[in-house]
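Let's take a walk through a protein fold together. Have a look at the picture first, then read on.

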Amino acid sequence: MKYGYIGLGNLGGHLAASLQRNGFDLVVHDLNRDLAERHLKAGAVWAASPRAVAEQVDHVFTCLPSPAVSEAVLDNMLPAISGKTWIENSTLGRDEILRLAGRAQASGAKV
């Protein structure tokens with residue numbers, strides 16, 4: 001199985017590194033490619049967009065800075081998310097998580 005990680009900031013970068021240390025194959029994306037460099041050096045694969053991540057993996061983690069960014073990333077992934085598991089690690093309110101999860105599920109994602 002292959003995993004994707006989108007959002008490699010303070011928290012996401014550490015969580016993605018933990019996955020790598022534990023032997024998970026990882027495809028990564030962040031708006032700031034510099035944040036991906038340590039992951040790429042450790043064997044991760046770069047993807048040019050959230051959709052490109054979803055196209056290459058079985059499970060996608062996101063760890064993003066705001067509800068608006070989480071929704072924009074989900075919008076980009078929707079065409080490629082059917083049959084994939086989406087794990088949202090962003091700090092979002094319950095109602096926002098449920099709304100976004102409903103959209104992902106309607107596109108065939110497992111949440």
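Before we start, one bit of vocabulary: a residue is called buried when its relative accessible area is under 20%, exposed when that area is over 50%, and partly exposed in between. Also keep in mind that this is a predicted model.

Let's begin with the strands. Strand S1 (residues 2-6) runs parallel to S2, and 5 bridges pair the two. You can spot lysine 2 standing opposite aspartate 25 in S2. Put helix H1 (residues 10-21) together with S1 and S2, and you get a right-handed β-α-β unit. S2 also pairs with strand S3 (residues 45-46), again in the parallel sense, over 2 bridges. Here valine 28 sits opposite tryptophan 46 in S3.

Why is S2 described as largely enclosed by the rest of the structure? Because 4 of the 5 residues of this strand (residues 25-29) are buried.

Back to helix H1 for a moment, where arginine 21 is found. Arginine 21 has a relative accessible area of 64%, so this residue is exposed. In sequence, arginine 21 and alanine 42 are 21 residues apart, while their C-alpha atoms are 8.8 Å apart in space.

Next up is helix H4 (residues 67-77), whose Ser70, Val73, Leu74 and Met77 are buried. Looking down the axis of H4, you'd see its buried residues fall within an arc of 100°, so they line one face of the helix. Among the elements covering these buried residues are S1, helix H3 (50-56) and helix H5 (94-106).

Now for the charged pairs. The whole structure holds 7 salt bridges, and here are some of them:

| Pair | Closest N to O distance |
|---|---|
| Glutamate 55 and arginine 51 | 3.1 Å |
| Arginine 99 and glutamate 71 | 2.8 Å |
| Glutamate 71 and arginine 103 | 3.0 Å |

Glutamate 55 and arginine 51 both belong to helix H3 and are 4 residues apart, about one turn of the helix. With a relative accessible area of 37%, arginine 51 is partly exposed.

The salt bridge between arginine 99 and glutamate 71 has a 2.8 Å N to O distance. Arginine 99 is in helix H5 and glutamate 71 in helix H4, so this pair ties together parts 28 residues apart in sequence. Arginine 99 counts as partly exposed at 35% relative accessibility, and glutamate 71 counts as partly exposed at 23%.

Glutamate 71 also forms a salt bridge with arginine 103. Salt bridges with shared partners link Glu71, Asp75, Glu96, Arg99 and Arg103 into one network.

Key:
Residues numbered from 1 in each chain as written. Predicted model: local features only at pLDDT ≥ 70, side-chain atom pairs only at ≥ 80, totals over all residues. Heavy atoms only, no water. Buried < 20%, exposed > 50% of the residue type's maximum accessible area, 1.4 Å probe, protein only. Pairing = 2+ DSSP bridges. Right-handed = clockwise from strand over helix to strand, strands pointing away. Arc of directions from axis to C-beta. Contact = heavy atoms within 4.5 Å. Salt bridge = Lys/Arg side-chain N within 4 Å of Asp/Glu carboxyl O.
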